[in-house]
Amino acid sequence: MGQAKLVLGVILAVIGVAFLARFSPMTVVPAGHRGVVTLFGKVDPQPLGEGLHLVNPLCNVVKIDVRVARADSEGEAASRDLQIVHTAITLNYRINPELTARLYQEVGPGFEQKVIEPAVQEAFKAVTAKYTAEELITKREDVRHNIRLLLSEKINARAVNALALDEVSITNFRFSAQFSQAIESKQEAEQLALKAQRDLERIQIEAKQRIAQAEAEAAALRVQKQEITPDLIKLREIDAQIKAIEKWNGVLPTTMAGGAVPFLGLNGGQAGR
């Protein structure tokens, strides 16, 4: 009998704790959250802020995270030149704390799948169709900006302006293997053409340098030719004779130039005197 009373007491205690937990007049909203209060299905338009709150025990409080959240999405679309494009898009968003109750009332739980994912797919396909596949690569920042504008417009229309985009990033563009090979071949051709152009410019510069050097040398020769006069030639001859006399050792030659006619003992006669 005593044991049965003990079991009954435990059961009643558990029921009491559960009742107090369910119908407690106190609720705590964690940091970075808002509490949406509902009473028999009716939503209170004013959400609860962070902290401890006193509420009607019959009310239900749904706690919703309003901190910055991240959503990753992958999509496939056709470019303006009908190339199939695969992409990965990452966006950071947050809930407007003041509109948390309205978002819960009009969109409900799971708004990420109901609002964000479809909006990303629609925005990506609409913007991609305006660019060629090559432009999607070369004008990536423009593409990202236009996706962000259209995405923000679609999300606001579906989420009663309760969601705000902080950042949208295109983390990857992927094309078919054939198109990727064509892009690579084009880049290689452009690099070869650029190298050929630079080589041509270098050759032209070197040719101009050689022409300029030849013209300078020709001009120098002309100046030298103009400076050579008969008086200058005569002066140089006299100068050469003077240098030859300065080098003479005082001994007369025994033969004339060419060695055909000898001098008749001029050196010996001088020695005999």
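Where does Ser73 lie? In this predicted model, Ser73 sits in strand E6, the run of residues 69-78. With a relative accessible area of just 7%, Ser73 counts as buried, because the cut-off for that label is anything under 20%. Its side chain has polar company there. One polar contact, at 3.0 Å, joins the side chain of Ser73 to that of Glu117, and another, at 3.1 Å, runs from the Ser73 side chain to the side chain of Gln121. Leaving aside residues up to four places away in sequence, Ser73 touches Thr87, Ala88, Ile89, Glu117, Val120 and Gln121.

Next come the charged side chains. Side chains of opposite charge can pair when their charged atoms come close. How many salt bridges does a search of the whole structure find? The search turns up 11 of them. One example is the pair Asp65 and Arg67, whose side chains meet with an N to O distance of 2.9 Å. Both partners are partly exposed: Asp65 has a relative accessible area of 34%, and Arg67 comes in at 47%.

Another salt bridge ties Lys154 to Glu122, with 3.4 Å between the closest N and O atoms. This pair links distant parts of the chain, as Lys154 belongs to helix H5 (residues 140-158) and Glu122 to helix H3 (residues 111-128), with their positions 32 residues apart. Lys154 is partly exposed, at 23% relative accessible area, and Glu122 is partly exposed too, at 31%.

Helix H5 also holds Arg144, and the side chain of Arg144 forms a salt bridge with that of Glu167 at 3.2 Å, N to O. Here again distant parts of the chain are linked, since Glu167 is in strand E8 (residues 163-174), 23 residues away from Arg144. Are the two partners buried or exposed? Arg144 is buried, with a relative accessible area of 18%, while Glu167 counts as partly exposed at 35%. Salt bridges can also join up into something bigger than a pair: Arg80, Glu135 and Lys139 are linked in a network of them.

Aromatic rings pair up as well, and the search of the whole structure finds 2 aromatic pairs. In one, the rings of Tyr93 and Phe111 have their centres 6.5 Å apart and their planes at 90°, so the arrangement is edge-to-face. Tyr93 is in strand E7 (residues 84-95) and Phe111 is in helix H3, so to speak a link between distant parts of the chain, 18 residues apart. Tyr93 is buried, at 6% relative accessible area, and Phe111 is buried as well, at 10%.Finally, there is the surface. Which residues make the nonpolar surface patch of about 420 Å²? The patch is made by Met26, Val28, Leu52 and Leu54. Strand E1 (26-29) and strand E4 (51-54) each supply at least two of the patch residues. Val28 is found in strand E1, and with a relative accessible area of 49% Val28 is classed as partly exposed.

Note on methods: Residues numbered from 1 in each chain as written. Predicted model: local features only at pLDDT ≥ 70, side-chain atom pairs only at ≥ 80, totals over all residues. Heavy atoms only, no water. Salt bridge = Lys/Arg side-chain N within 4 Å of Asp/Glu carboxyl O. Buried < 20%, exposed > 50% of the residue type's maximum accessible area, 1.4 Å probe, protein only. Helix = DSSP H or I, 4+ residues; strand = E, 2+ residues; numbered from the N terminus. Phe/Tyr/Trp six-rings, centres within 6.5 Å; stacked < 30°, edge-to-face > 60°. Patch = residues over 30% accessible without salt bridge, like charges linked within 9 Å, V, L, I, M, F, W, Y side chains within 5 Å. Areas by Shrake-Rupley, 256 points an atom, 1.4 Å probe, with all protein chains shown as cover. Polar contact = N/O pair within 3.5 Å; in protein donor to acceptor, adjacent residues only side chain to side chain. Contact = heavy atoms within 4.5 Å.
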